[in-house]
Amino acid sequence: MFRPKTRYVALPSPRAGVGEEIDRLKCPKCDTSLEPARLTTSLGVCYRCGYHFRLRAPERIAMLVEPGSFHEEDQQITATDALGFKDSQPYARRIEQSRASTGVNEAVTWGEGVLAGHPLVIVCLDFAFMGGSMGAATGEKITNGIERALHRRLPLLVISASGGARMQEGMLSLMQMAKTAAALGRLGAAGIPYVSLLTDPTMGGVTASFASLADVILAEPGAMIGFAGARVIQQATYETLPEGFQTAEFLWQHGMIDLVVPRPELPAVLRQLLDLYVKNEAAKDFELEPQANASAPTPAVRG
Amino acid sequence: MTDNGSIAAATWEQVELARHPDRPYALDYIHAIFGNFFELHGDRLFGDDHAIIGGPAALDHRTVMVIAQQKGRTTAERAMRNFGMANPEGYRKALRLIRQAERFQFPVIAFVDTSGAFPGAGAEERGIAWAIAENLVALAQARVPIVTMVLGEGGSGGALGIGVGDRLLMMEHSIYSVAMPEACASILWRDIARKVEAAQALKLTAADLKRMGLADEIVPEPSGGAHNDYGMAADAAGAALRRHLATLEAVAVDRLLEERYQRYRRIGATS
């Protein structure tokens with residue numbers, strides 16, 4: 001299910017540390033040999049053909065939030081091998097290897113930050129950690145993020161990149177779908193806006209739970225998004241899959257997402273959405289009845 | 001190694017029993033346990049999916065809403081039921097019935113028996129993931145008691161799409177897994193022949209789920225499996241359903257929903 005070739009581009013960021021060495025990269029779509037510096041400037045988008053490289057969670061967050069505003073939570077939470085699972089190698093060893101190679105403890109990073117003046121909760125999956133798969137600890141961190149948004153009445157942004165459920169945690173993994181969905185049900189009932197950004201790839205149990213349960217769903221151009229993988233579908237049905245099957249553009253055509261947003265435009269789109277959905281903010285800009293509300297208590301939404 | 005091998009073989013026997021072609025399916029249980037089952041059809045959006053069936057039925061003094069995944073027995077019926085693999089329409093029909101159950105305050109009884117949601121191009125085009133996700137929320141929030149019972153196979157998100165509730169009961173030889181062993185073997189070993197190892201590693205038997213605290217009760221089957229005596233299997237299933245439903249009906253609905261939330265919230269919790 002997980003393609004072995006990794007196509008990450010590490011961008012200098014306040015958190016990651018500026019000046020990381022990036023080798024000359026080849027665009028997997030147009031084969032152009034890319035200059036690291038220009039690729040960094042273009043936010044990991046091929047400046048020749050627009051291909052969006054996969055990004056690590058810290059890079060994504062740094063691209064969006066006001067510098068220094070992001071406070072990560074639950075950094076210490078890490079996967080545990082509850083089932084004693086072993087495939088070609090023990091799951092416990094896979095966890096160790098993933099932690100060592102990615103420098104993070106789980107496939108998700110979350111915290112509070114400020115985007116275009118709006119305090120919000122950001123939850124960002126990291127495909128580099130075991131394919132962004134959702135295990136129990138992943139689901140726990142995501143749910144903690146959702147519950148924080150609920151308790152602090154902050155808008156929620158979740159950025160997905162995941163192959164789906166984490167096989168090595170069996171049913172404990174599957175049940176994270178129910179857990180995250182139940183938490184989002186409470187968030188929705190409380191009238192707190194949730195924006196989901198789907199990036200390459202978002203598949204399986206992640207698409208079939210929190211990633212698709214947003215008030216507004218955005219996706220990056222060309223991102224593969226779906227439930228069953230194309231290979232599985234072809235094996236099961238022998239169907240010829242249409243051109244562009246399961247791409248962000250395909251899903252948009254089928255009414256499953258609201259907008260395909262090129263990466264450089266994302267901050268502006270999120271700003272627009274937050275201005276509209278976060279209560280009292282949209283009204284403030286229009287200066288509706290400024291005098292009539294003069295004695296009303298100051299809205300507590302803005303931090 | 002031998003021990004491991006024999007455990008794997010025993011697990012695989014459970015998988016085969018759960019998929020036994022003569023095993024009673026949802027309609028066999030429904031007709032044996034409930035009176036007056038009236039099947040409702042269609043999702044009111046696109047079509048009617050015969051892999052998920054449902055409608056009101058009588059259970060003792062009350063009406064319940066039954067939602068079930070249904071496999072076929074004959075070749076023709078298997079094709080008609082799409083081998084129990086639902087398309088988005090099945091999940092959206094289920095959603096319609098969940099909402100209706102809430103409106104009329106019918107408890108929901110969900111019978112799970114599927115290897116998974118249908119992996120097809122049409123299912124993707126019509127948003128199978130969206131349909132399942134929406135049901136997860138609807139079931140988490142439905143203000144009526146919900147008892148889920150796994151009859152044979154509980155496969156992945158396709159099972160969970162009708163499988164969130166206040167109680168999870170499993171027939172003795174049923175299985176419930178994040179992915180079917182064949183799919184897991186194909187993903188992790190890139191070799192479908194490793195399915196027996198995968199089945200063991202996944203911890204998917206009713207006994208495994210009970211041990212992990214995910215299943216509330218294992219419903220005993222007649223010797224050798226439910227296919228040996230449909231009546232006995234249905235009696236045991238019916239008795240367990242009545243008992244759990246009675247307990248849940250005594251709980252105030254706000255508390256019921258809080259307990260349902262916590263039931264999932266604590267799975268994998270770190271503190």
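Select chain A: of its 303 residues, 48% count as buried. Buried means 20 or more other C-beta atoms within 10 Å of a residue's own, exposed means 12 or fewer, and partly exposed lies in between, with C-beta atoms placed from the backbone. This is a predicted model, in which local features need pLDDT of at least 70 and side-chain atom pairs count only at pLDDT 80 or more, while totals for chains, interfaces and linings use all residues. Residues are numbered from 1 along each chain as its sequence is written, and chains are lettered from A and ligands numbered from 1 in the order in which they are written.

**Stop 1: chain A overall**

Colour chain A by secondary structure. Ten helices and nine strands appear. Helices (H or I, at least four residues) and strands (E, at least two) are DSSP runs, numbered from the N terminus. Now turn to contacts, which here are pairs of residues whose C-beta atoms, placed from the backbone, lie within 7 Å. In chain A, 67% of the contacts with a separation of 6 or more are between residues 24 or more positions apart.

**Stop 2: backbone geometry in chain A**

Most residues other than glycine have a negative phi, and most peptide bonds are trans. The next selections depart from that.

Go to Asp74(A). Its phi is near 55°, a positive value in a residue other than glycine. Asp74(A) sits in the loop between strand 3 (71–73) and helix 3 (91–102) of chain A. With 20 other C-beta atoms within 10 Å, Asp74(A) is buried.

Select Asp200(A) and Pro201(A). A cis peptide bond joins them, with omega at about -15°. Pro201(A) belongs to strand 7 (residues 194–202) of chain A.

Move to Gln246(A). Phi is positive here too, about 65°, although Gln246(A) is not a glycine. Gln246(A) is in the loop between helix 7 and helix 8 (248–253) of chain A. Gln246(A) is buried, with 24 other C-beta atoms within 10 Å.

**Stop 3: Ala230(A)**

Stay in this region and pick Ala230(A), in helix 7 (residues 230–237) of chain A. Which residues does Ala230(A) touch, not counting those up to four places away in sequence? Leu241(A), Phe245(A) and Gln246(A). Ala230(A) is partly exposed, with 17 other C-beta atoms within 10 Å. Draw a distance from Ala230(A) to Thr240(A). The two are ten residues apart in sequence and 9.9 Å apart in space, C-alpha to C-alpha.

**Stop 4: chain B overall**

Switch to chain B. Twelve helices and seven strands make up its secondary structure. Of the 271 residues of chain B, 56% count as buried. Along the principal axes, the C-alpha trace of chain B spans about 55 × 45 × 40 Å. A compact globule of 271 residues would have a radius of gyration near 18 Å, and chain B agrees, at 18 Å. That radius is taken over C-alpha atoms, and the globule rule is 2.2 Å times the number of residues to the power 0.38. Among contacts in chain B between residues at least 6 apart in sequence, 72% join residues at least 24 apart.

**Stop 5: helix 8 of chain B**

Select helix 8 of chain B. Is it enclosed by the rest of the structure or exposed? Seven of its eight residues are buried, so helix 8 is largely enclosed by the rest of the structure. Label the buried ones: Pro181(B), Ala183(B), Cys184(B), Ala185(B), Ser186(B), Ile187(B) and Leu188(B). Just after helix 8 of chain B, Arg190(B) takes a positive phi of about 55°.

**Stop 6: where the chains meet**

Show both chains. Here 42 residues of chain B are in contact with 48 residues of chain A. Elements of chain B that give two or more residues to this side include helix 5 (121–125), helix 7 (156–160), strand 6 (175–177) and helix 9 (195–202). Helix 6 of chain B gives the most, with nine residues. The residues on this side of chain B divide into 30 nonpolar, eight polar and four charged. Ala, Val, Leu, Ile, Met, Phe, Trp, Tyr, Cys and Pro count as nonpolar, Asp, Glu, Lys and Arg as charged, and the others, Gly among them, as polar.

**Stop 7: a helix pair across the interface**

Finish on helix 5 (residues 170–189) of chain A and helix 12 of chain B. Their axes come within 8 Å and cross at roughly 135°. That makes helix 5 of chain A oblique to helix 12 of chain B. Axes are lines fitted to C-alpha atoms, for helices over the stretch in contact, and angles run from 0 to 180 degrees between N-to-C directions. Under 35 degrees counts as roughly parallel, over 145 as roughly antiparallel, 65 to 115 as roughly perpendicular and the rest as oblique.

Show the side chains. Met175(A), Ala178(A), Lys179(A) and Ala182(A) meet Tyr261(B), Tyr264(B) and Arg265(B). By class, this contact has five nonpolar, no polar and two charged residues.

Technical notes
Two residues are in contact if their C-beta atoms, placed from the backbone, lie within 7 Å.
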